[in-house]
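Reader: I have a model open and would like to learn how to read its cysteines and its core. Could you walk me through them?

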Amino acid sequence: MAAALAAVFGMAGAEAWSQDVSKFPDWKGQWVRIGGGGQYDPTKPPVRGQQPPLKPEYQAIWEANIAEGRQGGQYYNTQVRCMPGGMPRMMFAYEPMEVIVLPDITYIHITFNSEFRRIYTDGRDWPTDPETSFSGYSIGKWIDSDGDGRYDTLEVETRHLKGPRIFDPSGIPMHEDNQTIVKERIFLDKENPNILRDEITTTDNALTRPWTVTRGYSRARNAQWIEHSCAENNDYIFIEGQTYHIGLDGKLHPSRKDQPPPDLRHFNK
């Protein structure tokens, strides 16, 4: 009898889950970023063409990062050191991403550096004692914007982030207090269901106002997934804030002309 009841309830649960899933959009497949380069706003030119609304002191930090990058340095760029880009930079999807939609949670896996997000859509509130992370804590809400009985837009808010994080490879800085709040509207393009849009609004104390950009991703169904490991082919070496390279000969190389060698006082010369 107990086994029969369990079977009945199990069937009912599976049927209810199936009906629930039918209300959600089809975001299956591999999503590949649209737009070349690694700039934060893909609609604008890289580096100074981004025109980030930075406060003066953070504009100065950015200028210093730009100068360092032009001289071959990359210490400011956390991803080059194999650290997670975190939010919102991880949504560049430097390598393809996968979106897994379930009724009470949506998972986003980024192939690049294996970054991972959980977006809770079960109605929970913010945690009272959160554990900060590079991807943050995300709470989402599904919206039926056209009233057809199916959800089409996921609204997300992300808080409880940790650093260091920057906006993009040019070194657009974020505030060291890590009080960043990122709000998103994720939806399929109305003209092309194989394009996913993510409208991202970032509020950060390095900015004079919230900064909104829209990123896009094209869908490839049944695509092959390739593993990306940052450390596998990373030839950067950072010593006392200086950027060096490991050459093809396996030896340490400078990243710019006339760069001083590292202090090797603790090694036999």
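Reader: Is C230 buried or exposed?

Author: Happy to help, and keep in mind that this is a predicted model. The cut-off for buried is under 20% relative accessible area. C230 has 16%, so it counts as buried. For C82 the value is 31%, so that residue is partly exposed.

Reader: How many disulfides does a search of the whole structure find, and which residues does the disulfide join?

Author: The search turns up one. It links C82 with C230, at an S to S distance of 2.1 Å.

Reader: What does the torsion about the S-S bond tell me?

Author: Its sign gives the handedness: for C82 and C230 the torsion is about -85°, so this disulfide is left-handed. As for where the two ends sit, C82 is in the loop between α2 and β2, while C230 is in the loop between β9 and β10 (236-239), so the pair ties together parts 148 residues apart in sequence.

Reader: Now the core. What is the general idea?

Author: In soluble globular proteins, nonpolar side chains tend to be buried together. Here the largest nonpolar core has 37 residues, and W27, M91, M97, V99 and L196 have the most contacts inside it. Among the elements giving it two or more residues are α2 (56-70), β2 (97-101) and β8 (195-203). There is also a second, separate core of five residues, including I105, Y120, Y137 and I139.

Reader: Which residues is V99 in contact with, leaving aside its neighbours within four places in sequence?

Author: V99 touches W27, W31, T106, Y107, I108 and L196 once those neighbours are set aside.

Note on methods: Residues numbered from 1 in each chain as written. Predicted model: local features only at pLDDT ≥ 70, side-chain atom pairs only at ≥ 80, totals over all residues. Heavy atoms only, no water. Core = buried A, V, L, I, M, F, W, Y, C linked by side-chain atoms within 4.5 Å. Buried < 20%, exposed > 50% of the residue type's maximum accessible area, 1.4 Å probe, protein only. Helix = DSSP H or I, 4+ residues; strand = E, 2+ residues; numbered from the N terminus. Contact = heavy atoms within 4.5 Å. Disulfide = S-S within 2.5 Å.
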